[in-house]
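Q: I would like a close look at one loop in this model, and then at what surrounds that part of the chain. Please keep to what the coordinates support.

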Amino acid sequence: MDIVTAQEMYERDRVTVEAVGLEGKMLMENAGRAVTQDMLRHISPQHKIVILIGAGNNGGDGFVIARTLMNLNYDVEAWQVVPDGKITGDAKAHKEIFLASGHPLKMYSHSSEDLESSLCHADVCIDAMLGIGADGRLREPLAEIVYLCNEQAILRLAVDVPTGVPADEGVEKFDAFHAHFTTIIEAPKLSAFLQHAKPFYGEWSVVEIGLPKQKLPNCSRRLWGVQDVKRTLPERDAHSHKGTHGKGLFVGGSLFMPGSVAMSARAALRSGAGLVAIATDEQAIPSVSPYVQEATFVELKEEGQAVSGYDAVAVGMGLGRRPYCGKVVKQLMQEVDGPLLIDADGLHLLKGSLDELERRSAPTVLTPHPGEFAHLTGLTAPEVLQSPFVYSREFAERYGAYIVLKGPSTIITAPDGEQRVDRSGNAGLAKGGSGDVLSGILISMIMQSNGLMDALSNGCVLHGYTAELLVEAGHSKVDLLASDVIEGLSRTFRTLSS
Ligand SMILES: NC(=O)C1=CN([C@@H]2O[C@H](COP(=O)(O)OP(=O)(O)OC[C@H]3O[C@@H](n4cnc5c(N)ncnc54)[C@H](O)[C@@H]3O)[C@@H](O)[C@H]2O)[C@@H](O)CC1
Ligand SMILES: [K+]
């Protein structure tokens, strides 16, 4: 499923109207009906419903939704919250159809008392005030109406985008309708994946309104989920041997942080890697080896390691930040001629050798969380969180690297700017060790897949989906450990192949 900016959505509407002749009025009818159908999941015939209708096409959708619900005999009060003169074009046409159908329309005047009393007696409030056309902070009377709605103990449903939420990234502060559920039209907008905007959407679903898929412009962003993994995960060949599934090297771990590299290596094996070697401090080997008995070991040396003969290398997990570790990361960037994944301490140390990153011709994968990405880019973490799509694309293009920007919505970016979003997982993953496990799964996927983007996207979903399955099957989001996710991979692979 594509993920679009407001501009890209307008372009899709334009192409639909111009290239295939589906008129705007017809699209609005489709949109209103599809949204109603979706919202009926949350509405019962006993509910009193208030629908709030704004000036633009989002309001136009509102007229269609109100008419559809009224025709189905639902108890609906439709409120137009802007002056008549502001309603134009397709929205005006649908207002006329609404009125000609004999349905009553209430007008919001300067005093909010009437609307407040209606909201007080309602069970459900549908927000069709503002969609992707929101421009700047909410102006009156919308700001006050949104405040009133958010104050009520009422089920709040939003059409396309909750009023006040910018569709795109880059906006720091806004007031907005706090929806429990949002029905998004055709494609989720960027803000549905931003930490500060996402809560306003509540749970969301997407409805299709008849845009001609074959004619739409290509989109460089898409959502990646379990179905995509099923479609693209390589099958294990019955005639394969351990070499077929790749030999990975994990560089990291230290006397006081032996667990990280151990978990990465074990996660790689659990997700199908054929052979795993670990380069770590000599003193760490006795504590790492019992946890990953299948691994072989090499001693991590200040003067450099032998890096040939591996299909992929990961560095950073539990490596520490001792002065010589920076040299280790630099040496790997210079000498690893296959895929190199840099995580955790490796990312911290990378900051001093970004020129090496730019020089690398083999693929490099960076797996930062927003704090690590902020450190790498010189941005602040709030800046990263406000505009993760644009900043990760800029960095990936500039340095020719793959970026896996981790979070509740993980954004995976290729050097050519292609982006995938994985929103699997749960709060149980917000624990030490999760990143190490993810790195192990990613290395394993990199070694077994043809394309790097599929490998990274599938790895992220496998990690998140495993946490979901574990919480369904008896764990809680509180007790879940990163090591449970490693052991849970067996259930995930079984589920995916059934
Ligand atoms: N053909 C299309 O373009 C379709 C559009 N659809 C709907 O149309 C929406 C987009 O329509 P529009 O482009 O008309 O935009 P909106 O309906 O989001 O709103 C634009 C209007 O809101 C007012 N406004 C903007 N910012 C404001 C603020 N901060 N405070 C108060 N008022 C503000 C403007 O005066 C303008 O009249 C989508 O979200 C979707 O719901 C659907 O009907 C499907 C088809
Ligand atoms: K809305």
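Where does Ala344 lie?

A: Ala344 is in the loop between strand 13 and helix 12 (345–350). Helices (H or I, at least four residues) and strands (E, at least two) are DSSP runs, numbered from the N terminus. This is a predicted model, in which local features need pLDDT of at least 70 and side-chain atom pairs count only at pLDDT 80 or more, while totals for chains, interfaces and linings use all residues. Residues are numbered from 1 along each chain as its sequence is written, and chains are lettered from A and ligands numbered from 1 in the order in which they are written.

The phi angle of Ala344 is near 45°, a positive value in a residue other than glycine. Ala344 counts as buried because it has 27 C-beta neighbours inside 10 Å. The cut-offs, with C-beta atoms placed from the backbone, are 20 or more other C-beta atoms within 10 Å for buried, 12 or fewer for exposed, and partly exposed in between.

Asn73 can be set beside Ala344. Its phi is near 70°, again a positive value in a residue other than glycine, and Asn73 lies in the loop between helix 3 and strand 2 (75–80). Asn73 counts as exposed, because it has 8 C-beta neighbours inside 10 Å.

Strand 13, which precedes the loop of Ala344, belongs to an open sheet of 10 strands in the order 8-17-16-15-14-13-12-9-10-11, with mixed pairing. Two strands pair if DSSP finds at least two bridges between them. Strand 8 (221–223) and strand 11 (296–299) are at the edges with a single partner strand each, so one side of each has no neighbour in the sheet. From one strand to the next the twist averages 20°.

Within this sheet, strand 9 (residues 247–251) and strand 12 (residues 312–315) run parallel and are joined by 4 bridges. Gly248 has Ala312 in strand 12 as its bridge partner. Helix 17 (residues 434–448) lies across strand 9, strand 12, strand 13 (340–342) and strand 14 (364–366), and runs at about 165° to strand 12. Axes are lines fitted to C-alpha atoms, for helices over the stretch in contact, and angles run from 0 to 180 degrees between N-to-C directions. Contact between two residues requires C-beta atoms, placed from the backbone, within 7 Å.

The wider setting is the division of the protein chain into domain 1 (6–219) and domain 2 (226–497), with bounds from an automatic or database domain assignment. Their centres, taken over C-alpha atoms, are 41 Å apart. The contact takes 7 residues from domain 1 and 10 residues from domain 2.

Elsewhere in the chain, strand 1 (residues 48–53) is mostly covered, with 5 of its 6 residues buried. Strand 1 runs parallel to strand 2 and is joined to it by 6 bridges; Ile51 stands opposite Ala78 in strand 2. A cis peptide bond, with omega near 5°, links Glu140 to Pro141, and Pro141 is in the loop between strand 4 (124–128) and helix 6 (142–151).
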